[in-house]
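What follows is a walk through the aromatic contacts of a protein chain. Please keep the sequence and the model at hand while reading.

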Amino acid sequence: MERINKSHPEEFILLGFADRPWLELPLFIILLLTYPMAMVGNIAIILVSTLDSRLHSPMYFFLTNLSFLDMCYTTSIVPQMLFHLGGSEKTISYLGCAIQLYFFHIMGGTECLLLAIMSFDRYVAICKPLHYTLIMNRCTCILLVATVWLGGMTYAVSEATVTLHLPLCGHNTLDHLICEIPVLIKAACGEKGSNELTLSVVCIFMLAVPLCFILASYASIGHAVFKIKSSEGRKKAFGTCSSHLIVVFFFYGPGISMYLQPPSSISRDQPKFMALFYGVVTPTLNPFIYTLRNKDVKGAWGNLVRSVFTSK
């Protein structure tokens, strides 16, 4: 590995799939197709949720925030991945790596907490319908979203800052497609057991605790749904909640497998495929999961398209 006589390298060499170059072109094409799809899908959800007055409810307020998060989340890594996979240059500057590290983990941490808030919203809507408008008023929703963003930023800034201060002993090669905390910890030299332990403990609160909260919320929701006498009401409740649960498992599954184990025990290819999954696949699928299983969003989108063509 290249060695330099500085406390931090000027740039990092990202190995990516250097040992399997035949993978680079297919992955480049996939990213080139899925990235615009993710952006268009999430922009569409933001537009219909904002422009259609029937969707001005807490659920769609949180969904709008989720779509905005997904756009920022995937944008923090995909353009750099495309540059890496499509060209001969396999490096990223130290500053670029630091910026990516902060933004990627701010968006990821915030989304972990936002999905828990969305499950709480569904719990109140189904289990406490008479108190829903009182509990989930506009001020409460704004406060919850602000708290979620603050929590995500606190996690990312603290963990990324500590990670960037780890000694690299002149090593500037990362076996990854992007800059990510576990991979940087693994690449560091010297004693790093305390950093691994801290990351695991923090991620228990950022991943495991929200996931347990979500599962508990949906256990209560499931119990309440079976008490609904109307089959139409049960169907609508299951449709809304199942969409959210699909998103939850797509996001938390890879995240837990990556962050709740010591970075030193992570296999060589795991970070690359996990980053592709929760950084690219999930943001691309989220708009389709919510729209295909949600009559309100599909109806609002149809009304918006018709109004555009009618005005023309």
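Start at Trp149, which is buried, with a relative accessible area of 16%; the cut-off for buried is under 20%. This is a predicted model, and the accessibility is computed from it.

Trp149 has an aromatic partner, one of the rings in the nine aromatic pairs that the structure holds. A pair of aromatic rings is described by the distance of the centres and the angle of the planes. For Phe68 and Trp149, the centres are 6.3 Å apart and the planes stand at 50°, so this pair is tilted. Phe68 belongs to helix α2 (residues 58–75) and Trp149 to helix α6 (residues 138–164), so the contact ties together parts that are 81 residues apart in sequence. Phe68 itself is partly exposed, at a relative accessible area of 41%.

Helix α2 also supplies a ring to another pair: Tyr73 in helix α2 and Phe251 in helix α9 (residues 231–259) link distant parts of the chain, 178 residues apart. The pair of Tyr73 and Phe251 is tilted, with 6.2 Å from centre to centre and 55° between the planes. Are these two rings buried or exposed? Tyr73 counts as buried because its relative accessibility is 3%, and Phe251 counts as buried because its relative accessibility is 4%.

Tyr73 and Phe251 are also members of one aromatic cluster, together with Phe104 and Tyr252.

A last contact involves a charge and a ring. Lys272 lies over the face of Phe17, at 5.4 Å from the ring centre.

How values were computed: Residues are numbered from 1 along each chain as its sequence is written. This is a predicted model: local features need pLDDT of at least 70, side-chain atom pairs count only at pLDDT 80 or more; totals for chains, interfaces and linings use all residues. Side-chain values use heavy atoms; hydrogens and water are left out. Rings of Phe, Tyr and Trp (its six-membered ring) pair if their centres lie within 6.5 Å; planes under 30 degrees apart count as stacked, over 60 as edge-to-face and the rest as tilted. Helices (H or I, at least four residues) and strands (E, at least two) are DSSP runs, numbered from the N terminus. Buried means under 20% relative accessible area, exposed over 50%, partly exposed in between (1.4 Å probe, protein chains only). A charge sits over a ring if NZ of Lys or CZ of Arg is within 6 Å of the ring centre and within 35 degrees of the ring normal.
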